[in-house]
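Reader: Please take one helix of this model and go through it closely. I would like to know how it sits against the rest of the chain.

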Amino acid sequence: MLTHVYIYYRVRPEQDVEIARASVAAMQAAVARRTGVQGRLMQRADDATTWMEVYEDVGDRAAFMVVLEAEAVAHRLADLVAEGAARHVEHFVEPR
């Protein structure tokens with residue numbers, strides 16, 4: 001069963017947006033090279049500091065999450081997240 005992974009978080013208000021987007025894009029490119037799953041980056045319509053990474057059609061969720069976490073650490077995404085906030089991960093599947 002394919003899984004869709006959604007990760008949302010609040011970016012530090014003082015963070016340079018272009019640098020932050022470039023960091024996420026580099027991380028997503030590394031994840032795509034390693035897993036074949038290309039992510040997308042979105043921002044909340046009414047709050048530009050709330051971002052969401054979307055990864056669709058993930059075949060092996062456990063293996064994907066290992067790669068995703070490793071690349072998030074390697075690309076220092078935690079440095080982008082607002083103080084007191086965290087990257088929240090949600091997994092969804094199509095209903096049967």
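Author: What follows is a close look at α2 and its surroundings in this predicted model.

α2 runs over residues 61-74. The helix has 14 residues and reaches 20 Å from its first C-alpha to its last, close to the 20 Å expected at 1.5 Å a residue. Its buried residues are F64, M65, V67, L68, E71 and A72. Seen down the helix axis, these fall within an arc of 165 degrees, so they line one face of α2. The face turned away from that buried side carries the exposed residues A62, V66, V73 and A74. After the helix comes R76, with a positive phi near 55 degrees.

The buried residues of α2 pack against β1, α1, β3 and β4 (88-93). Two of them, F64 and L68, are among the residues with the most contacts inside the largest nonpolar core, which has 19 residues; V5, Y9 and Y55 are the others named there. Two or more residues of this core come from each of β1 (3-10), α1 (17-35), β3 (47-58) and α2.

The strands behind this packing are paired. β1 and β3 run antiparallel over seven bridges, and V5 has Y55 as its bridge partner in β3. β3 also pairs in the antiparallel sense with β2 (residues 40-44), over five bridges; there M42 is partnered by M52 of β3. β2 and β3 form a hairpin with two residues between them.

Y9, another of the core residues, has contacts beyond its neighbours within four places in sequence, including V24, L41, W51 and V81.

Note on methods: Residues numbered from 1 in each chain as written. Predicted model: local features only at pLDDT ≥ 70, side-chain atom pairs only at ≥ 80, totals over all residues. Heavy atoms only, no water. Core = buried A, V, L, I, M, F, W, Y, C linked by side-chain atoms within 4.5 Å. Buried < 20%, exposed > 50% of the residue type's maximum accessible area, 1.4 Å probe, protein only. Helix = DSSP H or I, 4+ residues; strand = E, 2+ residues; numbered from the N terminus. Contact = heavy atoms within 4.5 Å. Expected span 1.5 Å × (residues − 1). Arc of directions from axis to C-beta. Pairing = 2+ DSSP bridges.
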